[in-house]
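Let's take a walk through a protein model together. Have the sequence and the 3D view open, and check each stop as you read.

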Amino acid sequence: MEINLEYHYGQTPLDEEEKQGLLIASIATQGELDEFEQQNIEQSIQWLWMRPLKPETIFTEKFIREVHRKMYGQVWRWAGNFRKTNKNLGVDRWVISTELKVLLEDALFWVNNNSWPPDEMAVRFKHRLVSIRCFPNGNGRHSRLMADIIIEKIFKQPVFSWGASDLIQQTEPRTTYIKAVKTADAGDIQPLLSFARS
Ligand SMILES: Nc1ncnc2c1ncn2[C@@H]1O[C@H](COP(=O)(O)OP(=O)(O)OP(=O)(O)O)[C@@H](O)[C@H]1O
Ligand SMILES: [Mg+2]
């Protein structure tokens, strides 16, 4: 079945090959897809919250991919696999693994050396992770969950509120969020840091 997915501001379109990876044949609309993904993500959160996790486990390619696979594995065949095509955003597909490795080493260093306050470490990690765009889709939600994992598991602090709304919908918080991401791209992490706790 041909599905026509509409894209909200700041979402990357899937190419044909990625659309082929849809595991649930009955999904026909963006709304249904959002719902299945959301259910899958909620299950992944249950799986996560029972596990104690150390920085040495969290900051590995294996774990980064495992989280993505748990979040979307019931919906997308390519869940947990790095992207094989280039997008208008993100690094070239050939350097995903290398760029991620650099980020993971940096993050472990930040944690071991208290380079920034906990919230800032988590949000800086989230921002650099989403800039790489490891996966065909779901990078935004994956990066926000990774920040939640860092703040909860490593620093024992409450998870972020991310504008306290459903960022998938085209709403004011989403516009604020994308603006904050772009400001972080330009080198100022502050708006994204505030948004994460708003
Ligand atoms: N114009 C932009 N410049 C830089 N980063 C952007 C831009 N638009 C979106 N982003 C980033 O890309 C993410 C969306 O990527 P992707 O579609 O892979 O993730 P998602 O989980 O499906 O979406 P979302 O984050 O919207 O829930 C956003 O969360 C944001 O971090
Ligand atoms: Mg998307």
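Helices (H or I, at least four residues) and strands (E, at least two) are DSSP runs, numbered from the N terminus. With that in hand, Lys-156 can be placed in the loop between H7 and H8. We'll come back to that loop. This is a predicted model, so local features need pLDDT of at least 70 and side-chain atom pairs count only at pLDDT 80 or more, while totals for chains, interfaces and linings use all residues. Residues are numbered from 1 along each chain as its sequence is written, and chains are lettered from A and ligands numbered from 1 in the order in which they are written.

**The overall picture**

How many helices and strands does the protein chain have? The count is 9 helices and 0 strands, so reading from the N terminus gives α-α-α-α-α-α-α-α-α. Along the principal axes, the C-alpha atoms fill a box of roughly 50 × 35 × 35 Å. The radius of gyration (taken over C-alpha atoms, with a globule rule of 2.2 Å times the number of residues to the power 0.38) is 16 Å, which agrees with the value near 16 Å for a compact globule of 198 residues.

Next, contacts: two residues are in contact if their C-beta atoms, placed from the backbone, lie within 7 Å. Take the contacts between residues at least 6 apart in sequence: 65% of them join residues at least 24 apart.

**Inside the protein**

A residue is buried if 20 or more other C-beta atoms lie within 10 Å of its own, exposed if 12 or fewer, and partly exposed in between, with C-beta atoms placed from the backbone. Buried residues make up 28% of the 198 in the chain.

A nonpolar core is a set of buried Ala, Val, Leu, Ile, Met, Phe, Trp, Tyr and Cys residues joined through C-beta atoms within 7 Å. The largest one here has 37 residues, and those touching the most other members are Ala-122, Phe-125, Met-146, Ala-147, Ile-150, Leu-192 and Ala-196. At least two core residues come from each of H4 (61-72), H5 (96-113), H6 (118-132), H7 (139-154), H8 (172-185) and H9 (190-196). H6 gives the largest share, with 7 residues. Leaving aside neighbours within four places in sequence, Ala-196 is in contact with Asp-119, Val-123, Ala-147, Phe-160 and Trp-162.

Now zoom in on H4. Its 12 residues reach 17 Å from first C-alpha to last, close to the 16 Å expected at 1.5 Å a residue (the expected span is 1.5 Å times one less than the number of residues). Ile-64, His-68, Lys-70, Met-71 and Tyr-72 are buried in H4, and the buried residues of this helix pack against H2 (30-49), H5 and H7.

**Four residues to find**

Here are some residues to click on, with their C-beta neighbours.

| Residue | Place | Other C-beta atoms within 10 Å | Class |
|---|---|---|---|
| Leu-104 | helix H5 | 20 | buried |
| Trp-162 | loop between H7 and H8 | 21 | buried |
| Phe-36 | helix H2 | 18 | partly exposed |
| Leu-167 | loop between H7 and H8 | 19 | partly exposed |

What does Leu-104 touch, not counting residues up to four places away in sequence? Its contacts are Phe-59, Thr-60 and Glu-61. Leu-104 and Ile-58 are 46 residues apart in sequence and 8.8 Å apart in space, C-alpha to C-alpha. Phe-36 and Leu-100, on the other hand, are 64 residues apart in sequence and 28 Å apart in space, C-alpha to C-alpha. Not counting residues up to four places away, Phe-36 touches Ile-24, Ile-27 and Val-75.

**Back to the loop**

Is Lys-156 buried or exposed? Lys-156 is exposed, because it has 8 other C-beta atoms within 10 Å. Its phi is near 55 degrees, a positive value in a residue other than glycine. Trp-162 also has a positive phi, about 50 degrees, although it is not a glycine. Leu-167 touches Trp-162, Pro-173, Arg-174 and Tyr-177, not counting residues up to four places away in sequence.

**Around the ligand**

A residue is near a molecule or strand if its C-beta atom, placed from the backbone, lies within 6 Å of it. Ligand 1 is surrounded by 16 residues, the closest being Gly-10, Val-130, Asn-139, Gly-140 and Arg-141. H7 and H8 are the elements that give two or more residues to this shell, and H8 supplies the largest share, 4 residues.
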